[in-house]
Number of protein chains: 4
Amino acid sequence: MTLLHEECGVVGVSFKEESQAALTLYYALYALQHRGQESAGITVHDGMQLWTLKDMGMVPDVFNRRDIQRLKGHTGIGHVRYSTTGGSKIENCQPLHVSSKSGTIAIAHNGNLVNSKELRCELEREGRIFLSESDTEVIAHLLVKELMHYDLEDAIQELIRRLIGSYSLVVLVDDKLIVIRDPLGIKPMCLGRIENGFVVASESVAIDILNGELIRDIAPGEVLIFSNGTYESRQLVKSKNYAHCVFEYIYFARPDSIIDGELVYNVRMRIGQTLSEEHPVKADIVSPVPDSGITYAIGFSKKSGIDYMEGLMKNRYIGRTFIMPGQDMRETAVRLKLNTIKPNIEGKSIVLVDDSIVRGTTSRRIIDLMRKSGTKEVHMRVASPPIISPCYLGIDMATREELVAAHKAVKGVEAVINADSLGYLSIEGLVRSIGIPYDDLCVGCLTGVYPVEIPGERCAKRQLKLSEFDEPVKKELRSLGSSKFNEPIKIENLKR
Amino acid sequence: MTLLHEECGVVGVSFKEESQAALTLYYALYALQHRGQESAGITVHDGMQLWTLKDMGMVPDVFNRRDIQRLKGHTGIGHVRYSTTGGSKIENCQPLHVSSKSGTIAIAHNGNLVNSKELRCELEREGRIFLSESDTEVIAHLLVKELMHYDLEDAIQELIRRLIGSYSLVVLVDDKLIVIRDPLGIKPMCLGRIENGFVVASESVAIDILNGELIRDIAPGEVLIFSNGTYESRQLVKSKNYAHCVFEYIYFARPDSIIDGELVYNVRMRIGQTLSEEHPVKADIVSPVPDSGITYAIGFSKKSGIDYMEGLMKNRYIGRTFIMPGQDMRETAVRLKLNTIKPNIEGKSIVLVDDSIVRGTTSRRIIDLMRKSGTKEVHMRVASPPIISPCYLGIDMATREELVAAHKAVKGVEAVINADSLGYLSIEGLVRSIGIPYDDLCVGCLTGVYPVEIPGERCAKRQLKLSEFDEPVKKELRSLGSSKFNEPIKIENLKR
Amino acid sequence: MTLLHEECGVVGVSFKEESQAALTLYYALYALQHRGQESAGITVHDGMQLWTLKDMGMVPDVFNRRDIQRLKGHTGIGHVRYSTTGGSKIENCQPLHVSSKSGTIAIAHNGNLVNSKELRCELEREGRIFLSESDTEVIAHLLVKELMHYDLEDAIQELIRRLIGSYSLVVLVDDKLIVIRDPLGIKPMCLGRIENGFVVASESVAIDILNGELIRDIAPGEVLIFSNGTYESRQLVKSKNYAHCVFEYIYFARPDSIIDGELVYNVRMRIGQTLSEEHPVKADIVSPVPDSGITYAIGFSKKSGIDYMEGLMKNRYIGRTFIMPGQDMRETAVRLKLNTIKPNIEGKSIVLVDDSIVRGTTSRRIIDLMRKSGTKEVHMRVASPPIISPCYLGIDMATREELVAAHKAVKGVEAVINADSLGYLSIEGLVRSIGIPYDDLCVGCLTGVYPVEIPGERCAKRQLKLSEFDEPVKKELRSLGSSKFNEPIKIENLKR
Amino acid sequence: MTLLHEECGVVGVSFKEESQAALTLYYALYALQHRGQESAGITVHDGMQLWTLKDMGMVPDVFNRRDIQRLKGHTGIGHVRYSTTGGSKIENCQPLHVSSKSGTIAIAHNGNLVNSKELRCELEREGRIFLSESDTEVIAHLLVKELMHYDLEDAIQELIRRLIGSYSLVVLVDDKLIVIRDPLGIKPMCLGRIENGFVVASESVAIDILNGELIRDIAPGEVLIFSNGTYESRQLVKSKNYAHCVFEYIYFARPDSIIDGELVYNVRMRIGQTLSEEHPVKADIVSPVPDSGITYAIGFSKKSGIDYMEGLMKNRYIGRTFIMPGQDMRETAVRLKLNTIKPNIEGKSIVLVDDSIVRGTTSRRIIDLMRKSGTKEVHMRVASPPIISPCYLGIDMATREELVAAHKAVKGVEAVINADSLGYLSIEGLVRSIGIPYDDLCVGCLTGVYPVEIPGERCAKRQLKLSEFDEPVKKELRSLGSSKFNEPIKIENLKR
């Protein structure tokens, strides 16, 4: 699957004593590079003021040794960013660094607000101006606005009250590092201990690279305020249920990360096994679509006893290239990226495992390629349930029009991708494999029901009748006995 | 002289019909490149919305053919920028492009506000935030704020009321082009007619390059509002006197520009002649410090009858280079840039003409170089009066501490630079050469008395006693019979 | 293992009719990018003359769409190159393009001559000059020299007579494409059919990417001469035995390539299984050092029945980075590249599979990292026999001093890398896994006996007594009943 | 005039003791940047071997501080290069660095061989190969070939015997620096003393920048061999007459250089004066085409008494730009580069002074521009005689077809460029202004008679009858009483 994701990675560090925060942030961003390759940025506080360095490009392109040495400071934040076309501008790079009455503030954000347009309008109506297109600038305005009236903690609580959507935030207010995770815990964020201080990051691999120790996940609705290498925690907001994004496990996060208590690698291995149970098939070999399908395929092979053998090979050096226009252009594009290992697949029945199907076009081309190489049968097994609805909360998959499963039943998708059989993981199987209760997961893209109000979409926060769901989802939900569709999520402000 | 200037060039175009505004702006910026080599930017309105392209670098580096072709639009603004270290960030590039309740606005600014810090504080106190360090963002906030309450014209009048300092502004409010020149006319701005439309620019050379016709200078305090290739003019504010910057003539502007009615080349030629009258000397040849001293030296030669002959040659390809540390490092630095033409200066008495003396260090090194090449006598003649006070209005010369003439009388400077004699142009001679009345010029750097209130400095707007001036300036002023030191400048809002 | 290899990839195409040879070469080089990331080059013949475009960098960096469109031609050659420091100069980029009495010639070379120094000296003694440090220039001189006296075929035969070492060559002599593989077949080269023509390449993946069909390997000592999309083959030289490089299978080639009849993936899978048979161990999981150890580990798991589970994760975005000096610098360097999946390895006995051990330092650091993460036991299994001698024929592993197995027995290496047990693949097991007779493989780095004369080294071409070998190798050879150590390889010129 | 020149600058240094030759070469190349902006290179000998660093780009782009610090050595050579399209390849960059039987050799060349094609063919017939298209590789082959049979001095003498054309060479043979100037002295080369050593360079400005002292010009046919900071001179070849290029004075060299005893600035000043005597005219002002016409115009003004005043201004920042296709494209191209100072030229009669006219198209456009700005009369005065024949010796002006004066008499050119009158400098006036006897100058482009044999052209080395010349040249030559057309130049080898 080629998700067109709009995702980010964030990190924050706080040291007890004078230390090279920038170098620590640099290494941590390096570990989070998979969360965004478009731009990178670091802000540090040097005891006097904030310094920001950010630019378009990957982490090693944006910072050189001299830059990092110059960025003195014992506390700081960092950001890597991916975005869809249009947002790819230097103005939208993060951290966003602003000056205000309440001091100098830098913010890095992972997530997506669903009410940013409304908030912008409201703020513009007050006479405010926007220099970028990012949610982050909206957050900055709101935070500064609340800080006019409230102390830091209350201002953050007000901020949380206003933001709808997903957000894991690291914020510097002068030399204070503040970490905020949205009340539904949609985007991940964890806390670790490193020599002389603490680190917070989107994924635990950023702690590993620093030779640190993962303490725990930041709780949904929790706020940490770091100062001089120690921190205080406030559970400012308490939600009855959470809404952890399932695609972090399925696709986005690194397999060696532990997210909300679950090792991603293990989740994927279990999904592969579950998939084998749910959609058994007689075949000669199990083969992944590399790289994202590999762990699933190994799990499938283990459970099914069918030999694991690679039938497709990925070009490790695939980079920016160009395709000359022509009749077989699309085929060439796939072939530049993937090659069949003909002797491994010729004349064989193959279980082909991929993480997900979005438009179905890539799957179709891969299967065509395999058939050309003489594969007898291709049984597609997909490590996620059908994606029937767009994501509004930080993973820019596609529009509803583009999503093949939004318009076709499984048999229809099977025909589109030209597979001999097609089996999707069930929602129930997904939930079981992840190991987190259904009611604490965001499965908006799989059910069309979202944990927050999105104009034109159904929301789990209001009472939904079972009959409002699509038939296949209805069946799934019935089997889950989920409370989600009949009981709204309540977010409760603890403090005020 | 190597002025560390903080200067910009601005341009705006408005066409009657669909036209390639971006290409026109590109050429115009090309003609204004001398006003700023650090960054360049263009904003156009395509009939629907504003598009901005800007980056660090010279005009041809920032824009390629494809960029310009893509920037469709019939109205637009452009900017080139130079700044001192620290300000050299992408965030500070212009035009500044913001969205607001009143629409999308883009602003390009040439000048320097002296109350920007106060305005920022005031705006921050209202809860506003700043993403850059530029005056332009301050102006954007103020304009949007006034547009909440007033129509465009009144909002601009309010804006002018709040801004203290120099500013020539081109502004797009959606598809309207607005041009504003400060009430004192400190920075230049002129209006020209081109095929199918109009152009406004910092200097008339931008009109020439477009094969256009210079109509006139924008009046101080005048506002032009362009729409569909026509414009309306409003004299929103009327000042009794103006304060045109004399250093635009002496150093900054291109010689082929006509500024406030005077051709810069002619001003320089007259200055050279005046200098010869004021400080005659018996010598073998007149020689300029290239390139800025050339026209002065030709004028001096013409008046004095002393042969013009170049004694110093400039390396045309001087670019970014490095100097290895060592004992003669500074000498090497000068030699990389300038070479003596030994046969032209050996054994001769030379009148050396330069535009100005700031710190005196470069002059000293040049004269040392000439003496090493066997020059018998060096009579330094300077095309400006002594610079005794910093500029706060757009030409970042140096601090008062660095200005050699702020601390030493002419004889003292003569000793510092190791000249056989030293003659500065008088203020009276300067005024006469420019051809604009003394009371309409800004000579703050030459007298220490500024046309606007600057904390810690004297201001021509309040009544000054002659005795408050330094002795040499006092003498000059007495001879001028100026009203400036005893009658305040009044700025009168015409509309409200 | 991080082999410091000095390797290249070559490709040649010949079309029947006017066609875009450059685009075909571009895609083919893209598939061979793993064979060299330092420079890339293409030469085509446009019907009149040769055109070469080459530069430092990866394939997509060196060529853009416009370049490829401009490089018209129906026949051409291409090259990608890696080299050790010092050789990294633009002068050494290939194809080498020379003009001579016999026409314009372009040459691209994969391999390493062991007598290039002698040949250079000989050619210099004749008054010739060298502009680069590459073997390719030596080959160009020799070819042009022979073409003075002989026709093309005889000249090539003379050339082959002079060259000692490994070489797979693609050569353009004006519009003729000539392909030469050395008589021992050390470096791979294969032939494929594509639409309207033929392609030759270092690996069959280059044929796959073009949607072509692999016809066969070029035989050792064979020469193909292409003209107008057809070719003639000459077996100019015939060697009794071959010497295919085993490290192409173990490390260098892509798993989806078929080299000398054997699919690399299958060889690796068989090696993993053989390794499990040769060095069985009781453990909880089998884990690879990614990426090179993965296929071996899967084979090991399959044979042994021990669960495959990844214990180490590679950062996919590892690029040029810097490490700040400090005490744990080396550890940081490993951690930037590899992360342990702690939950997968904590408290477990692990079979760790890697492709080879060169210096032993990386293995040591990886095992230390695993122990820090709580691994109970690490049983290292290595997919190659001990490397006891350097490679002179195209894979720049290390010097003999650096090779840990050149100085230590298995127990000694086990101690160095801090493993609980260490098992190397046997030579016999390697040969069996590859599926090519021992006497047709080059195992110089594993036995210290080379297929060609190398000063100071033993050579299989002369009679060797068994007693001349090291004890462990002696044992291996005895078990193989190989003829190689008692019967010299004979290379026989077939034509003259 | 925009000469499409194919020119270079060379420099060599030799220090007595360990010194930073590379830094010295870097500064010297900086001073010679005007002789070539396309590529730059430095070779130094570090006591053991030669190191070369070269690349496309200007001097500060090719070398950074670290490069220069790494290039240790006490002797070395440098090169800057301009070339016409086609030759613009990295392979053609200099110094050319080759290894040979006689040691490692590096060569940098300024000039153009007229028999390089013949020499290449001859060398190719001997079985030699060429990797570049440069004359320099031909010279390298010849030198190495002669060194097979002769000692260094004799080899150089043989080399000189074979080379026909212009060449100023700096050569490193291991740690020996050798400097060669062709027997006719066509291209300049001079010798200077610097601290601890010596420098040779194309122009004396390279000595000035190093704070050195010009000793003398290298004599035509002279060879200097430097070793350990001292040198020996050999007048290996003696020509009766020389052939110094007049265009070095007219256009190419820097005005502050002293070439063959004459200061270029003074030559230009005298030319301006002579031009005024030869073609007096009644006019309001004298105005140059900047920059190349400035010194001439000042000389013209001085002699004629007509006021000097600039009527055209050059954009100092003219760089790589693009012009959009359209009707007034060419006009725009001129306007981007040059602007009229309308008030200075409106309604006036103007003497416009340029250095030369090649195709006439640029002159035409400039004059049209001036007329558009209201100039009453334009009297063109040109600082060179009519260019009627191409240059084969290092200044790539244009082909004969393109040269307007090759096909039209003065009146015809006057019409083409739309001038009110046109006056060219006479050959006699040029010779007198330069101050070197006619018989020691190369005026091939002005007479069609060249100092060396060029196929299809007339040569001063053989007896020419006066009647063989074009009429205007005939007249000139008659007045000069030159021996050149009736007595051949003899080059006499002194040594053997």
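In which strand of chain A is the place of Cys8(A)?

**Figure 1. The surroundings of Cys8(A) in strand β1 of chain A.** The structure shown is a predicted model. Cys8(A) has its place in strand β1, which comprises residues 8–15 of chain A. An unreviewed UniProt entry carries the annotation "active site" for Cys8(A). Cys8(A) counts as buried because 26 other C-beta atoms lie within 10 Å, and a residue is buried if 20 or more do so. When neighbours within four places in sequence are set aside, the contacts of Cys8(A) are Arg35(A), Gly36(A), His79(A), Val80(A), Arg81(A), Tyr82(A), His109(A) and Asn110(A).

**Figure 2. The annotated cysteines of chain A.** The unreviewed UniProt entry gives the annotation "binding site" to Cys245(A), Cys391(A), Cys442(A) and Cys445(A). These residues span 201 residues in sequence, yet no two of their C-alpha atoms are more than 10.0 Å apart, so they gather at one spot. Two of them, Cys391(A) and Cys445(A), are described here in detail. Cys391(A) lies in the loop between β23 (377–382) and α14 (410–417) of chain A, whereas Cys445(A) belongs to helix α16, residues 444–447. Cys391(A) is buried, with 21 C-beta neighbours inside 10 Å. Cys445(A) is likewise buried, with 28 other C-beta atoms within 10 Å. Beyond four places in sequence, Cys391(A) is in contact with Asp396(A), Met397(A), Gly444(A) and Cys445(A). On the same basis, the contacts of Cys445(A) are Ile387(A), Ser389(A), Pro390(A), Cys391(A) and Met397(A).

**Figure 3. Helix α4 of chain A and its two faces.** Which residues of helix α4 (residues 116–125) of chain A are buried? They are Arg120(A), Leu123(A) and Glu124(A). Around the axis these residues cover an arc of only 100 degrees, which puts them on the same side of α4(A). An α-helix has 3.6 residues a turn, so residues three or four places apart point the same way. The exposed residues Cys121(A) and Arg125(A) are carried by the face of α4(A) turned away from its buried side. The cover over the buried residues of α4(A) includes α5 (135–147) of chain A and β5 (96–100) of chain B. Just after α4(A), Gly127(A) has a positive phi of about 95 degrees.

**Figure 4. The contact between chain A and chain B.** Chain B contributes 17 residues to this contact, and chain A contributes 17 residues. On the side of chain B that touches chain A, β5, α4 (116–125) and α5 (135–147) of chain B each supply at least two residues. The largest share of that side, 4 residues, comes from α5(B). By class, the residues of chain B on this side are 8 nonpolar, 4 polar and 5 charged.

**Figure 5. The contact between chain A and chain C.** Here 37 residues of chain A are in contact with 37 residues of chain C. The elements of chain A that each supply at least two residues of the side touching chain C are α1 (21–31), α7 (205–209), α9 (264–278), α11 (329–337) and α12 (342–345). Of these, α1(A) gives the most to that side, with 4 residues. The side of chain A that touches chain C divides into 20 nonpolar, 9 polar and 8 charged residues. A turn of 180 degrees, with a shift of 0.0 Å along the axis, lays chain A on chain C with an RMSD of 0.1 Å. That is the relation of a two-fold axis. Of the interface residues of chain A, 100% are also interface residues in chain C, so the copies meet through the same surface.

**Figure 6. Asn315(A) and its contacts in chains A and C.** Asn315(A) is situated in the loop between β20 (312–314) and α11 of chain A. Is Asn315(A) buried or exposed? Asn315(A) is buried, with 22 other C-beta atoms within 10 Å. Not counting residues up to four places away in sequence, Asn315(A) touches Leu336(A), Lys337(A) and Ala31(C). Pro290(A) is 25 residues from Asn315(A) along the chain, and their C-alpha atoms are separated by 9.8 Å.

**Figure 7. Confidence of the predicted model.** Chain A has a mean pLDDT of 90, and 90% of its residues reach 70 or more. Over residues 1–5 of chain A, pLDDT stays under 50, and for these residues the model has 20 contacts beyond four places in sequence. The scores of the model are ipTM 0.89 and pTM 0.90.

Definitions and conventions
Residues numbered from 1 in each chain as written. Chains lettered and ligands numbered in written order. Predicted model: local features only at pLDDT ≥ 70, side-chain atom pairs only at ≥ 80, totals over all residues. Buried ≥ 20, exposed ≤ 12 C-beta atoms within 10 Å, placed from the backbone. Arc of directions from axis to C-beta. Contact = placed C-beta atoms within 7 Å. UniProt positions renumbered as here; feature names shortened; annotations may be inferred. Least-squares fit on C-alpha atoms with pLDDT ≥ 70 in both. Nonpolar A, V, L, I, M, F, W, Y, C, P; charged D, E, K, R; others polar. pLDDT = per-residue confidence, 0-100.
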